[in-house]
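Please examine the structure below together with its sequence. The paragraphs that follow lead through selected features one after another.

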Amino acid sequence: MEHTFKEQDIIGEIVTKFPKAGDLFKAYRIDFCCGGNRPLLEAIEEKNLSKIEVLTKLNTLYTEMKVLNETTINWQEASYSELIDHILNKHHRYLNEELPQLSPYVTKVLRVHGAQHPHLARVHTLFNQLKAELEKHTIKEETDSFPLILQFEKQPTEENHLLVKKHVAELEDDHDEAGNIIKEIRDITNDFTPPLGACGTYRLVYQRLEALEADLFQHIHLENNILFPRASVAN
């Protein structure tokens, strides 16, 4: 193999080099965004997974990608502007559309099924907390933090660097909060598994919550593991 990932490799760095690893880690419930700064072995042992199985699947997927000559963007070499444009056009756009569209369905499922399924009240509360958190967070990034990083890219002064580091610390705290909320939603929905006989709206809500989690993990990964470290440690 051209590259073989090992048990001591850092989770976030693996996904940076091989973005499709995120799908595999998601299937194993290995956190690669907020918890991405630790060796893969720690997560494997924490989840009581087979080290051989995880590493074999990871490296097989990587080899298959090379065989198929898939092209991926090398985010480590991309400019701040390219990274931020991608985050805005893909992830912020998704949140701006999905959060208000999903909200009435979450409320409807609680109203119709809440008496029989009390956990839906907690799902409703958590979703609205997540919605408010992400809306506030993305607005802050778009109006304040991202313009500051782009300014720092053009004018890498010590003053701008200190401002960037302050913003990065605040944004990472926001990510931790959002990550904790979506993890709790996953736990209380039994990994987004609707009960037997659930109606179409019930199933739709769980499916879209899981899709929201997947996009959020990729979103946070690009910022926590690539954009923010580069901006924070830049000279």
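**Cysteines, helix packing and a surface glutamine**

At a relative accessibility of 28%, C199 falls in the partly exposed class, because that class lies between the buried limit of 20% and the exposed limit of 50%. The model discussed here is predicted. A second cysteine, C34, is likewise partly exposed, since its relative accessible area is 25%. With a disulfide requiring two cysteine sulfur atoms within 2.5 Å, the count for this model comes to 0 disulfides.

The account now turns to the helices. Helix α7 covers residues 158-188, a run of 31 residues. At 1.5 Å a residue, a helix of this length should span 45 Å, and the end C-alpha atoms of α7 lie 46 Å apart, so the two values agree. Just after α7 comes N190, whose phi is positive, at about 55°.

Two packed helices are described by the angle between their axes and the distance between those axes. Helix α6, residues 119-154, is paired with α7 in this way: their axes come within 9 Å and cross at roughly 160°. Because an angle over 145 degrees counts as roughly antiparallel, α6 is roughly antiparallel to α7. The crossing of these two helices is left-handed. Sorted by class, the residues in the contact of α6 with α7 comprise 16 nonpolar, 9 polar and 9 charged.

Another pair is formed by helix α5 (residues 80-113) and helix α8 (residues 200-233), which pack at an angle of about 155° with their axes 9 Å apart. This angle therefore makes α5 and α8 roughly antiparallel to each other. The crossing of α5 and α8 is also left-handed. What is the make-up of the contact of α5 with α8, by nonpolar, polar and charged residues? The contact of α5 with α8 contains 21 nonpolar, 8 polar and 6 charged residues.

One residue of α8 deserves separate attention, namely Q207, which is found in that helix. Is Q207 buried or exposed? Its relative accessibility is 56%, and because the exposed class begins over 50%, Q207 counts as exposed. Relative to R93, Q207 is 114 residues away in sequence, and the two C-alpha atoms are 19 Å apart in space.

Note on methods: Residues numbered from 1 in each chain as written. Predicted model: local features only at pLDDT ≥ 70, side-chain atom pairs only at ≥ 80, totals over all residues. Heavy atoms only, no water. Buried < 20%, exposed > 50% of the residue type's maximum accessible area, 1.4 Å probe, protein only. Helix = DSSP H or I, 4+ residues; strand = E, 2+ residues; numbered from the N terminus. Expected span 1.5 Å × (residues − 1). Axes fitted to C-alpha atoms, helices over the stretch in contact; angles between N-to-C directions. Parallel < 35°, antiparallel > 145°, perpendicular 65-115°, else oblique. Left-handed = near helix turned anticlockwise from the far one by under 90°. Nonpolar A, V, L, I, M, F, W, Y, C, P; charged D, E, K, R; others polar.
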